[in-house]
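Biologist: I should like to go through this structure with you, one feature at a time. Please give the reasoning before each answer.

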Amino acid sequence: LEFWADKTPEQDFLVYADRNLRFTYRAFNERVDLLAKGLLAIGVKRNSHVGIWAQNVPDWNTIMFAAAKIGAVTVTVNTNYKQSELDYLAENADLHTLFLSEGTFDSDYVQMSYTMVPELKEQQRGRLDAKRFPFLKNVAYIGPEKHRGMFNIPELLLLGKSISDEVYAKAKSGLSAQDVINM
């Protein structure tokens, strides 16, 4: 991504024609960098497991690239999972941060998350202490809507502005194209 953002900055990288949304390589890379810094701001670091539970939405790619840029591992969550399957995955994948969208026609991901982690409704964002999921520290909603106990994408992008380029460069140092970025 960085190579092509440098070589062909104005070429389209990502196009969602149905949403009238286009990102050039440069614009997408800048968004990814800002979200990667936002992830650092909420405690995601190298080898942290970042779950993505969403349909085909533009920020799915942003999250995956942002996690990879800081050495975190993306954990893809099946969009058809029911409550017990989600619970099982969260218990066994040691998720640090879970990103989710609104859900599908028969599954409300926000409500399922509250069922899985009732502490979300009581605890401050970024300070999650879930008894059942000791690794889980954050839940984030993919979109601008606000939900109790969850960050949203605009907030994470804003938090990213508080992380210096030096801190970001240090987080990126030592990464290899051979590192695991998805499971």
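Biologist: In which helix is the place of Asp33?

Modeller: This is a predicted model, in which local features need pLDDT of at least 70, side-chain atom pairs count only at pLDDT 80 or more, and totals for chains, interfaces and linings use all residues. Residues are numbered from 1 along each chain as its sequence is written, and side-chain values use heavy atoms, with hydrogens and water left out. Helices (H or I, at least four residues) and strands (E, at least two) are DSSP runs, numbered from the N terminus. Residues 25-41 form one such helix, and Asp33 belongs to α2.

Biologist: Is Asp33 buried or exposed?

Modeller: Buried means under 20% relative accessible area, exposed over 50%, and partly exposed in between (1.4 Å probe, protein chains only). The relative accessible area of Asp33 is 19%, so Asp33 is buried.

Biologist: Which residues is Asp33 in contact with, leaving aside its neighbours within four places in sequence?

Modeller: Contact means heavy atoms within 4.5 Å. With those sequence neighbours left aside, the contacts of Asp33 are Glu2, Lys69 and Tyr168.

Biologist: Which of these contacts is also a buried residue of α3?

Modeller: Helix α3 covers residues 58-69 and is mostly covered, with nine of its twelve residues buried. Among the buried ones are Trp60, Ile63 and Met64. The contact of Asp33 that is also in this list is Lys69.

Biologist: Which strands stand at the edges of the open sheet?

Modeller: Two strands pair if DSSP finds at least two bridges between them. Five strands form the sheet, with parallel pairing, in the order β4-β3-β5-β8-β9. Each edge strand has a single partner strand, so one side of it is left without a neighbour in the sheet; these are β4 (73-76) and β9 (151-152).

Biologist: What is the bridge partner of Ile52 in β5?

Modeller: Strand β3 (residues 49-53) runs parallel to β5 (residues 95-100), and five bridges join them. For Ile52, the partner in β5 is Phe99.

Biologist: What is the relative accessibility of Asn20, and where does Asn20 lie?

Modeller: Most residues other than glycine have a negative phi. Asn20, however, has a positive phi near 55°. Asn20 lies in the loop between β1 (12-16) and β2 (21-24). Asn20 counts as exposed, because its relative accessibility is 74%.

Biologist: What is the relative accessible area of Asp94?

Modeller: Asp94 is not a glycine, yet its phi is positive, at about 50°. Its place is in the loop between α4 (83-92) and β5. Asp94 is partly exposed, because its relative accessible area is 32%.

Key: The expected span of a helix is 1.5 Å times one less than its number of residues.
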